[in-house]
Every structure is written in structure tokens, then in C-alpha cells.
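Open your viewer and get the selection box ready. This tour moves from stop to stop, telling you what to pick and what to look for.

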Amino acid sequence: MSELERYRAKIDEIDRQLTKLFEERLHIVNDICQYKINNDLPVENQKREEEVVNKNIQYLDNKGYSEQLKRFFYHTIEIAKQVQYKKVREHKAKNSLSHNTVSSDITHLNIGYYGVEGSFSEEAMLKYFGDVKHAKNFVEFEDVFDAIKNGEIDYGVVPIENSSTGTISQVLDLINNRGLYINGETVLKINQHLIGIQGTNLDSINEVYSHPQGFEQTSEFLRSYRQWKLTPFHSTADSVKLVAELNDPTKAAIASQRAAEIYNLNIIKENINNKTGNSTRFFIISKNLIANDTCDKISVVFSLEHKAGTLYHLLRHFAENDINMMKIESRPQEFGNWKYLLYVDFEGNIEEARVNKALGLIQQGCEYFRLLGCYKQCDLLD
Ligand SMILES: C=C(O[C@@H]1C=C(C(=O)O)C=C[C@H]1O)C(=O)O
């Protein structure tokens, strides 16, 4: 046996022991994960992670290896978390598929929507759920999410994307950051109108209220009235309510016909949106991952690491498993500069083998992964 062979034989024996310990560690990690599922605890525990790393650095005879040991545990813990995330995801998918779906009996459900009465979100809620008797409304996007989190409402309806202005990123971030799920989607045709009290006309106006989306969707019309002060407000319908309260012919709002009717105001100029086919897609969100076998669309989010080719290496799993991607959107991560999360919508159901295979591979290739929902896609009314 040469000198090199002798060294390699030693390494082989150490690796054999490491593999055995690695396997044992993952075995315990699985038990820990089951305990977390049973007790509704999060996978990650940063305090414990620090303890693990620091304790083991103390065991080193040669403290010169501290940085290397730290890296070793960083990867070991990362693997332990990936294993747990996968187990939690499978558990949630199994549970929700067996007994859950957005209930058709809505009489006992508490449903909330964004904006005041007359908002597009309220209209979307009525379209999706039918005649809801006791809906709650919330002034800000965050309020809808908080109400779901604290159990005040079971489902919330929020806008997610407009056909001309694009994704409402704030809503996308909230779904992920608050740990909620998408249970369904619906689309509304959006016609924006200029609205005011009796006696208001294009010459009397000096200030217009709307949600920033209302201004964006009507930017071409507004370009001819540069003298108007554009004041952003909570929602389009709330702007109509405000203009009704102000009762002043110099003030106008940009919102829906329904909002004008509810607050008894006049339409001064109709259909002022840039695009005639202007439409908005809305999400129905809740605390639970709810799906059944009629669901045909999935939304996920995962991190993009700072390495060449990462995007290609992750997205290729969709193509290689014959999965049709419908939309991708990248957003900055909550912590750290120039780090991104990729939100992907694609066709499929979480029970399909090809979907599970692709998601498993993506999950292995990124630090952060979350299933945001599996739901029935709506007709996009183009
Ligand atoms: C295994 C656990 O889950 C995670 C993984 C850890 C590990 O691999 O040591 C430590 C803390 C958690 O972030 C645990 O909570 O102990």
C-alpha cells in the first residue's frame, strides 16, 4: 500500500462514519419535524442553530478550523431544514387534499375584502363567492392579511395583477411574508371613470383622488389635465366616498361605476382607462393550503442565489418535467440587498408526480422555497 493509499484508506473509514452519523442525524431531524408538525412549530429555529454551531466550535482541539466547522454546520443545518420543509409540504398537501376545498356553503364563513363598499375587490368577492351576507372590509392590504392571521376572517379577497399595470407587488410580498396561502383566483373587467358630485365638470376640477393603480390605469387620459393635483388614497372606492363627503365640485375621484352609484355621485367622464380590455385578477387567500383534484394551477416562491446560471438551473426543472409556466415575477428579498425571490405560477396539481418531482428538485437547489397555493385557474377574459 502506497503512502497515498494509506491516507485514503483512513479518509474512507472517516467518511463511512460520517455517512452513518449523517444518516442518524437526518433520522432524528425527521422525528423533530414530526414533533413540529404535531405542535404547529416552525421548521427554523435560529437560536438553536447558533447554539449548535458555537457548541461544536468549543469541541475543536484546533480552533484554527473554526471557520471551516462553521461552514460545515451551515450546510448540515441547511440540509436538515430542506428535509423538514419537504416533509411539512407533503404533510400539508396530503391533509388539505383529503378534506379541504373552498366551501360552497359560505353562510358560516367570514369573508373580508380590500377597500370600502363598492371597491373592485368587493365586486370580485361577490363574483367568486356569490351573495355574501356579512363581509368585512379593510382599508389597507395589510389589514386584510392581519384579519386572516388573527382569525377575524376565514378568507380575504385582494387584487394581485392588472392587465396593463402588472403585478401588485405589495400583495405578493404580503402573502409570502405573512405565511398565507392562495385558495382561488378570479378576474374582473375594470372600467375606470371620473366621478364627482352634481355640478362637477372637467373645468371645475383641481384635485383628483384614487388608488395609485387608478392613476396608472388612466395615465393617458390624465396627461391632458396636467393642472389637476393627483392625490393617492387608500382605494378607488374610498376616494369616491371621500369626494361624496367633501361635497366640493373641485374634487373628483377615479373609480368604478358601482362605487359612483353606491355613493350617489355622477360620472363626469366614462371609460378613461388606457386599455379598453383593462382587467384585474384577484386572489382569495386564507391561512390554509386548500386544494382538491379540480385545482389546475400552482404558485410557488423560491430564492435565487448569487451564482451564475442559478435561474436557468432552477427553471429548467419546469421544462424538463413538461410543466407549463404561466407567470414569473422577481422581487427583492426582505433581508439583504440585491437578493431576489422568484414567484412562479404554473399549470398543474400538487398531486401530480411530475409536479412533485420538479418541486423537489427546485427545493434542493435553493435556500428558500414555499408553496403558495394550488387552486383552480380562472378564465382571463382577454
Ligand atoms: C433540527 C431542527 O431544525 C432546524 C435544524 C437545525 C439543525 O439541523 O441542527 C437546528 C434548528 C432548526 O433551524 C431543530 O429544531 O432542532
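**Stop 1: around the ligand**

Select Val29, Ile32, Glu44, Asn45, Arg48, Glu49, Val52, Ile77, Ala80 and Lys81: these are the residues around the ligand, each with its C-beta atom, placed from the backbone, within 6 Å of the molecule. Helices α1 (3–38), α2 (46–59) and α3 (66–99) are the elements that give two or more residues to this shell. By class, the shell has 5 nonpolar, 1 polar and 4 charged residues; Ala, Val, Leu, Ile, Met, Phe, Trp, Tyr, Cys and Pro count as nonpolar, Asp, Glu, Lys and Arg as charged, and the others, Gly among them, as polar.

Two notes before you move on. You are looking at a predicted model, in which local features need pLDDT of at least 70, side-chain atom pairs count only at pLDDT 80 or more, and totals for chains, interfaces and linings use all residues. Residues are numbered from 1 along each chain as its sequence is written.

**Stop 2: the whole chain**

Now colour by secondary structure. The protein chain has 12 helices and 15 strands; these are DSSP runs numbered from the N terminus, helices being H or I of at least four residues and strands E of at least two. Of its 382 residues, 34% count as buried. Here, buried means 20 or more other C-beta atoms within 10 Å of a residue's own, exposed means 12 or fewer, and partly exposed lies in between, with C-beta atoms placed from the backbone.

**Stop 3: strand β1**

Select residues 111–114, which make up strand β1. Ile111 and Tyr113 point one way, Gly112 and Tyr114 the other, and all are buried. Add β2 (residues 135–138), joined to β1 by 4 bridges and running parallel; Tyr113 has Asn137 as its bridge partner there. Then add β3 (residues 155–162), also parallel to β1 and joined to it by 3 bridges, where Gly112 is partnered by Gly156.

**Stop 4: a mixed sheet**

Next, show the open sheet of 5 strands, in the order β8-β7-β9-β6-β10, with mixed pairing. Two strands pair if DSSP finds at least two bridges between them. At the edges are β8 (229–232) and β10 (266–269), each pairing on one side only. Zoom in on β6 (residues 193–196), which runs antiparallel to β10 and is joined to it by 3 bridges; Leu194 has Lys269 as its partner.

**Stop 5: an antiparallel sheet**

Move on to the 4 strands ordered β13-β14-β12-β15, an open sheet with antiparallel pairing. Its edge strands are β13 (325–332) and β15 (369–375). Strand β12 (residues 297–304) is joined to β15 by 6 bridges, and Lys297 stands opposite Tyr375.

**Stop 6: two helices and a partner from afar**

Finally, select α11 (residues 310–320) and α12 (residues 353–364), which pack at about 175° with their axes 9 Å apart. Axes are lines fitted to C-alpha atoms over the stretch in contact, and angles run from 0 to 180 degrees between N-to-C directions. That makes α11 roughly antiparallel to α12, a label for angles over 145 degrees. Leu314, His317 and Phe318 of α11 meet Ala358, Leu361 and Ile362 of α12 in the contact, where contact means C-beta atoms, placed from the backbone, within 7 Å.

Still in α12, pick Asn356. Is Asn356 buried or partly exposed? Asn356 is partly exposed, with 17 other C-beta atoms within 10 Å. Draw a distance from its C-alpha atom to that of Glu90: the two are 266 residues apart along the chain and separated by 9.3 Å.

Notes
Angles under 35 degrees count as roughly parallel, over 145 as roughly antiparallel, 65 to 115 as roughly perpendicular and the rest as oblique. Two residues are in contact if their C-beta atoms, placed from the backbone, lie within 7 Å.
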